[in-house]
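Q: Could you take a close look at the charged side chains in this one and walk me through how they pair up? I'd also like to hear about any that go without a partner.

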Amino acid sequence: MKEWEKNVRRVNPYIAGEQPQEDNIIKLNTNENPYPPSPKVKKAYETTQVDKFALYPDPMSSELVQALESYYDLKRGQVFVGVGSDDVLSLSFLTFFNSDVPILFPDITYSFYPVWADVYRIPFECPPLDDNFCIRIEDYKKKNGGIVIANPNAPTSIGMKASQIEEIVRANRDVVVIVDEAYVDFGGETVLPLIERYDNLLVVRTYSKSRSMAGMRIGFAMGNEALIRALTDVKESINSYTMTMASIRVGAASLADEQYFQENLAKVVTTREWCEKELERRGFFVLPSQTNFLFVRHEQISGQELFEKLREQKIFVRHFSGARIKEYLRITMGTDEQMKAFLLQLDKILEKNIDNKVHL
Ligand code: PMP
């Protein structure tokens, strides 16, 4: 090993879902929204002044921050924005988790959490979810350096009640509790109203799922003013200009089209409910989802084999190798057309003569 190599920060990187660039594939592997963003977003993007790109963007992203404050009826100073919620979460780990006592998050959750903990040298422990993939609240009542909970959880798709999260926040007033609500718009219970009561609660959201804007990289955190100030100080110490002019504009524009947003959500949820039934008819065990994806397994075929067979047909779903979940597949809800094509391929793979007439 060369001398300089001893000084290199070594990490096991997060493995992002595949982003195949070919056409004619069905992409159900990274929980994106199958529908485009609101026409108001398109208009805002098209009217972005390219000449202004010569200047740096507003370091405070004020247009977007103020639009979020008013959309969620929050006070000045309660919103922080970043380059996707991955950026916001990673900065939150760096800002709030500086104790020698391990932080806590479940054994099965967003697989980026252990990677950030590792890269920032934050000790962590992962209390196992119970046999139904639910959090045991008692596990979060011991001494810890902070807590992260994805609600609804990924990849399990299962949501917790706001009152259960509140119990955890209440039992942990001396540390910051981060609730990652990436999927909450699809039917989860938010803890946002609790930020007024608990100054140790940070709620993180994204534009990547419910707002159909994964490509623009917009995420945000909401919490007490002191939390947001601390987060902003750390961000300003790393990179002042994180949000591009275009993402600030389109992010604000998306909030101005509530009707489109609600219709889009309803479409995804309807597809999910229909798809859940269709999968159950085909012998799948489907976890109860409050997200835009389903987490499923089949008794007769392994997760790995099904993943590979679907991939051969250019249908991309997500498979994880972790011991407790290796028989499962995580399937993002696409359009109804895409889900019909997916189900037809499944039937071929399962070699079952199930009535393929899809019921919508
Ligand atoms: N949290 C969870 C639970 C997620 O599944 C994802 C998507 N991979 C993210 C956060 C990050 O999403 P983004 O950076 O696109 O906002």
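A: Here is a walk through the salt bridges, followed by an unpaired acid and the ligand site.

Keep in mind that this is a predicted model. The salt-bridge count comes to 24. One of them joins the side chains of E18 and R311, with N and O 2.4 Å apart. E18 sits in the segment before β1 (26-27) and R311 in helix α9 (residues 303-312), so this pair ties together parts that are 293 residues apart in sequence. As for accessibility, E18 is partly exposed at 33%, and R311 is partly exposed too, at 34%.

Now for a pair within one helix. K42 and E46 are both in helix α1 (residues 39-46), four residues apart, or about one turn of the helix. Their closest N and O atoms are 3.5 Å apart, and the two form a salt bridge. Both ends are out in the open: K42 counts as exposed at 54% relative accessibility, and E46 does at 56%.

E125 and K142 make another salt bridge, at 2.6 Å from N to O. Here E125 belongs to strand β4 (residues 124-125) while K142 is in the loop between β4 and β5 (147-150), so the bridge ties together parts 17 residues apart in sequence. E125 is partly exposed at 33%, and K142 is partly exposed at 42%. Elsewhere, shared partners link E278, R281, R282 and D347 into one salt-bridge network.

Then there's the odd one out. D257, in the loop between α7 (245-255) and α8 (258-281), is buried but has no salt bridge. Its nearest side chain of opposite charge is K40, 4.7 Å away, and a salt bridge needs the nitrogen and oxygen within 4 Å. What D257 does have is a polar contact, side chain to side chain, with S38 at 2.7 Å.

Charged residues turn up around the ligand as well. Its shell has four of them, along with four nonpolar and four polar residues; among the residues surrounding the ligand are D86, D180, K209 and R217. Helix α3 (residues 84-96) supplies the largest share of that shell, four residues. For D86, a polar backbone atom is 3.0 Å from a ligand oxygen. A backbone N or O atom of S85 lies 2.6 Å from an oxygen of the ligand, and T206 brings a polar side-chain atom to 2.5 Å from a ligand oxygen. Overall, the protein covers 91% of the 400 Å² of accessible area that the ligand has on its own.

Note on methods:
Residues numbered from 1 in each chain as written. Predicted model: local features only at pLDDT ≥ 70, side-chain atom pairs only at ≥ 80, totals over all residues. Heavy atoms only, no water. Near = heavy atom within 4 Å. Polar contact = N/O pair within 3.5 Å; in protein donor to acceptor, adjacent residues only side chain to side chain. Areas by Shrake-Rupley, 256 points an atom, 1.4 Å probe, with all protein chains shown as cover. Helix = DSSP H or I, 4+ residues; strand = E, 2+ residues; numbered from the N terminus. Nonpolar A, V, L, I, M, F, W, Y, C, P; charged D, E, K, R; others polar. Buried < 20%, exposed > 50% of the residue type's maximum accessible area, 1.4 Å probe, protein only. Lys, Arg positive; Asp, Glu negative; His and termini not counted.
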